[in-house]
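Thanks for making the time this morning. I would like to take you through one model, beginning with a single chain and then turning to a contact between two chains.

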Amino acid sequence: MRQNDGMTLIVKTVTRISVWMILLYGIYIIFHGHLSPGGGFAGGVIIALAFLNVMLAYGRKFTSDWLNIGFLHDLESASATLFLVIGILGISIGGAFLANFITKGELFALLSAGTILPLNIIIGIKVGMSLFLVAWVLAGSKTVKGE
Amino acid sequence: MPVEYWLIFILIVMIIASIAALEMEDVLSSIVAIGVVGLGVSLSFLFLQAPDLAIVQFLFEIFALIILVKAFMGKEYHKEEPSRINKILAGITVITLAAIFIFSVSVFELLPPFGEPLMTTSQYYLDKGAQDTGAANLVSSIILDYRAYDTLGEITVLFTAILGAFTILRIKTKSKKDKTEFSHAAK
Amino acid sequence: MIVYLLCFVLLLVGLYGVLTKRDLIKIILSIGILGYAVNLLLILFAYRKGSIYPILAKGKEVSQMVDPLPQALVLTSIVIELGTTAMLVALAIKLFEKYETFDITQIRRLKG
């Protein structure tokens, strides 16, 4: 029972600082997906790993208090729907499903490339939330004997 | 040193590590050996000029390692020794796979040689990608603009896989105590 | 050519694991090896000698870039693999709860 409450004090203190840096790096990777290597998939996995870091260091119960798991579920489903909404907006404005209907802007600017940036953000949220939730559920199943 | 020699070296290490992963008894050793294979793939992606994939593959490794260790460590169970028929069947499988390998050498001769891809549709993406989408990362412009349907399908598959995992783990199974009763009832 | 063949050997090793191993953990790992080999083979087809990664920057010529299309396909495939691996692990955990073993010769009944 003691082991389920996370790791030692050193790990917890380091995690308290490092998790925000990992989250920031994930967000950076997502927002620069159309300019440099990375994008929604890589950034989403980094965000999932940041939450997983908290779960491994502090235990499962603390994480479910810190994060609202039901809200993460809603965020995951909503991002899948938002992808479709942007696709359908493409029909009404751009003339085809998932058409790039926002102006492209300058080539190397951060706010450029039309719908690629919002779609990257949506995919990042989707991948991050779903992978974290899977790990959360797998960690919660009591399979080891004696626990 | 050309890229090809590096790749041959990495691939040989990966083959050895994968055989080790399959043949070792200890679960933790197998998972670590699979990690070696995955990092080899990530390194090869870097040599093949695919930095996007190298990042994603590296993160995949970390995530898969955490999941596998958390799920499979500390589980004791009885393993039956493979009987003689099993060993013979494994030998037959190896011979069949070797035959498949020898016959498929001629298939690989038909493919374009290493280092000279076909570049038919891709040439259009390279030439017009920046102009059509305004993104500097051409891989990003393909997955989210030219072929966004692909990404939509990917999101659907991921969503379904996650729902499946949730559904499977939420079912209450009968414990071992019930199982013995069940086997009595089956007789 | 020899690179393709070595990558094919890796795929055959994964196939050997799926066909002969009787441990569910080993089967899941073999499926992982199969996925690695297929992804790597697709990217090997995309490589162009003496080229750079397909990301535009000032002073880089488009004619010296590798094929970006297989990279885009493999990027989605890697994430799907992660989802399927999680699904397989969930199934294996459920089977362990029921039968208390990962040996597929002892997992006989498919009901209940």
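Let me start with a question: of the contacts in chain C with a separation of 6 or more, what percentage is accounted for by residues 24 or more positions apart? The figure is 49%, and I should say at once that this comes from a predicted model, so please hear every value today as computed from predicted coordinates.

As for what chain C is made of, there are three helices and zero strands, and the order from the N terminus on is α-α-α. Turning to overall dimensions, the C-alpha atoms of chain C fill a box of roughly 65 × 30 × 15 Å along the principal axes, and the radius of gyration of chain C is 19 Å, whereas a compact globule of 112 residues would have one near 13 Å. Within chain C, 48% of the 112 residues count as buried.

Now to the contact between chains B and C, to which chain B gives 83 residues and chain C gives 74 residues. On the side of chain B that touches chain C, the elements that give two or more residues include helix H1 (3–23), helix H4 (84–110) and helix H8 (176–186) of chain B, while the largest share, twelve residues, comes from H3(B). If we ask about the character of that side of chain B, its residues divide into 55 nonpolar, 16 polar and twelve charged.

Conventions
Residues are numbered from 1 along each chain as its sequence is written. Chains are lettered from A and ligands numbered from 1 in the order in which they are written. This is a predicted model: local features need pLDDT of at least 70, side-chain atom pairs count only at pLDDT 80 or more; totals for chains, interfaces and linings use all residues. Two residues are in contact if their C-beta atoms, placed from the backbone, lie within 7 Å. Helices (H or I, at least four residues) and strands (E, at least two) are DSSP runs, numbered from the N terminus. Ala, Val, Leu, Ile, Met, Phe, Trp, Tyr, Cys and Pro count as nonpolar, Asp, Glu, Lys and Arg as charged, and the others, Gly among them, as polar. The radius of gyration is taken over C-alpha atoms; the globule rule is 2.2 Å times the number of residues to the power 0.38. A residue is buried if 20 or more other C-beta atoms lie within 10 Å of its own, exposed if 12 or fewer, and partly exposed in between; C-beta atoms are placed from the backbone.
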